[in-house]
Amino acid sequence: MSEHAVHVDGLVKVFDVPEREAGLAAAAKGLVRRKTREVRAVDEISFTVDPGEVVGFLGPNGAGKTTTLKMLSGLLYPSGGVARVLGFEPSKRQRGFLSRITLVMGNRNQLQWDLPALDSYELNRAIYRIPRERFAPTRDELIELLDIGDLVRKPVRQLSLGERMKAEIVGALLHQPQVLFLDEPTIGLDVTMQKRIRTFVADYNERYGATVLLTSHYMADVEALCKRVVVIHHGRILYDGPLAGLADQFAAYKTIGVALENGHTDLSRYGEVIHTDGDWITLRVPKAETSSVTARLLTEEHVLDLNVEDPPIEDVIELVFAQERPE
Amino acid sequence: MTTVVPEVAHEGEAGRFRSMVDLYVTTARTAVSQQFQYRTANYFYMLGMIAEPVIYLVVWTTIADQQGGSVNGLSAGYFAAYYIVWTLVRNMNIVFGAPFWEHRIREGELNRDLLRPVLPLHYDIAYFAGWKVVVIVLWIPLAIALSFLFDPSLSPNVQQVVAFGIAIWGAYLIRTMFQEALGMLCFWTTRGAAIFDLWMTLELLLSGRLVPLPLMPDWVQEISRFLPFQWAFYFPIETLVGDYSNVELVRGLLVQLLWILIGLAIFRVAWRYAIRRYSAVGG
């Protein structure tokens with residue numbers, strides 16, 4: 001049995017997508033012969049995740065993130081390659097596997113719409129065969145952690161998006177899954193609610209030693225939770241490593257923030273001035289020239305303060321996402 | 001401090017059975033709670049549901065009266081009994097229909113169902129069974145009112161009442177299995193509606209829903225004997241309204257069981273292949 005919580009080797013998912021030109025003639029032609037196009041949504045990706053690890057799964061829309069999560073949670077049957085989660089082959093959808101994982105999709109409602117969340121939790125107890133003596137304390141603990149004690153008795157349809165998301169998360173974790181696939185869990189939520197959910201995921205990971213694979217378009221989620229990220233684009237893995245290492249690999253520049261004794265001075269000869277905030281000026285300089293530019297600034301200008309940083313993670317991700325599909 | 005995640009309990013056969021009973025009871029209870037949220041809608045639904053049999057009833061009792069009190073030997077009182085019992089059997093026949101599979105797939109609801117460690121079929125059976133409890137409760141006053149209006153000839157013995165109690169659930173399961181199996185087509189085509197309509201038409205004609213089967217031509221009755229439709233409609237009605245012997249009642253119930261197993265087998269095979277084609281759209 002694999003010692004990794006998640007083991008993916010050469011995983012492939014190909015969809016046959018029907019397509020035709022616009023118009024009546026094309027529609028009539030489609031009656032006789034249907035044209036389809038093969039789309040490789042996931043194209044031979046390989047990675048592993050250790051037990052208890054929290055990994056960010058990043059990529060632009062359509063990169064293959066959700067398709068991968070769906071294969072790992074047993075929703076989709078892979079077209080090729082190997083996927084194993086906790087030693088199980090997800091596509092077999094064995095009871096032992098499904099009882100140990102969860103997939104939370106931020107835009108999906110898993111709870112009974114017209115009933116209080118408590119009724120859905122009771123249903124989950126029966127579905128996951130959670131012993132009653134374990135169910136009640138787990139439910140109450142999760143409700144307390146997410147602070148939704150007064151919401152779980154209201155019909156789900158009357159909850160706000162954020163409240164519903166918290167109620168959804170409780171429902172998804174009642175069976176104490178060992179692997180959490182979180183697909184955009186904070187989408188559409190306000191900043192406070194996002195933070196609350198981030199804190200909760202970190203707590204859950206620490207408390208239960210659960211493995212977490214998280215996709216999010218909010219870099220704050222990733223920065224707060226994930227030391228390691230896997231970047232996927234056009235169905236292929238572009239990067240797998242520490243979050244901090246992304247900039248080293250993809251950003252061709254660094255930023256130098258500087259405050260001068262004589263206030264505003266034209267620093268454009270040192271690099272591209274990208275921001276000025278009071279006396280603080282931010283320059284963008286090619287990575288290879290960072291040291292020399294810093295040295296020149298320190299010798300040629302009256303510098304009060306200076307720091308050198310990687311560009312913001314959002315900018316790095318933007319650079320990564322802008323990459324063309326390799327042929 | 002890391003909390004140890006409990007292992008999934010290994011149950012014996014008895015434990016598995018208890019868990020399944022718990023699942024069915026809890027799901028059915030959820031369905032009842034949900035249906036009680038829509039009290040008014042349920043009453044209107046039931047009133048709408050009796051419109052169809054009342055039309056048939058008025059037509060056939062009128063014809064019977066014009067022909068000296070019976071049609072092909074079936075009296076006005078028989079028609080009244082047939083169509084009053086019809087209303088309950090029809091309601092028992094409402095299951096998770098094949099067209100809903102398209103909705104389930106398109107709206108991404110199947111994603112939720114597939115993540116659960118239980119076959120969606122179990123959930124559907126249990127959920128709709130719970131809904132039937134509400135339907136039966138609502139049906140009783142309607143049946144009493146219709147009985148006052150149409151004076152049915154209904155005098156079943158105990159064996160017939162018991163057989164009817166089993167047969168209506170047999171009907172429910174036959175229709176569930178075949179509708180679920182038919183619904184698997186949605187994994188291959190997004191335009192299954194034409195096939196579902198054809199199936200519905202056959203069902204309407206060959207089940208006894210439109211008219212009691214003895215009024216159909218002999219060759220239609222012969223064909224219908226070898227199809228599942230009448231065992232989910234005509235047979236349960238006749239267990240109460242007709243004059244089946246005990247042997248015929250038992251034989252009929254066994255035929256129902258056979259059709260349930262055939263439907264289940266078709267579903268299981270279709271499901272195995274269908275799920276491989278699932279593209280998990282809608283989230």
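**Exercise 1.** Find which residues touch the most other members of the largest nonpolar core.

*Solution.* Start with the term: a nonpolar core is a set of buried Ala, Val, Leu, Ile, Met, Phe, Trp, Tyr and Cys residues joined through C-beta atoms within 7 Å. Buried means 20 or more other C-beta atoms within 10 Å of the residue's own, placed from the backbone; exposed means 12 or fewer, and partly exposed lies in between. The largest core has 145 residues, and Val85(A) and Val85(B) touch the most other members. Next, the main contributor: helix H3 (residues 76-92) of chain B gives the most, 13 residues. Helices are DSSP runs (H or I, at least four residues), strands likewise (E, at least two), numbered from the N terminus. Another core lies apart, with eight residues, including Tyr253(A) and Ile281(A).

The model is predicted: local features need pLDDT of at least 70, side-chain atom pairs count only at pLDDT 80 or more, and totals for chains, interfaces and linings use all residues. Residues are numbered from 1 along each chain as its sequence is written, while chains are lettered from A and ligands numbered from 1 in the order in which they are written.

**Exercise 2.** Place His234(A) and state whether this residue is buried, partly exposed or exposed.

*Solution.* Locate His234(A) in the loop between strand S8 (228-233) and strand S9 (236-242) of chain A. Then count: 18 other C-beta atoms lie within 10 Å, so His234(A) is partly exposed. Last, check the backbone: phi of His234(A) is near 50°, a positive value in a residue other than glycine. Most residues other than glycine have a negative phi.
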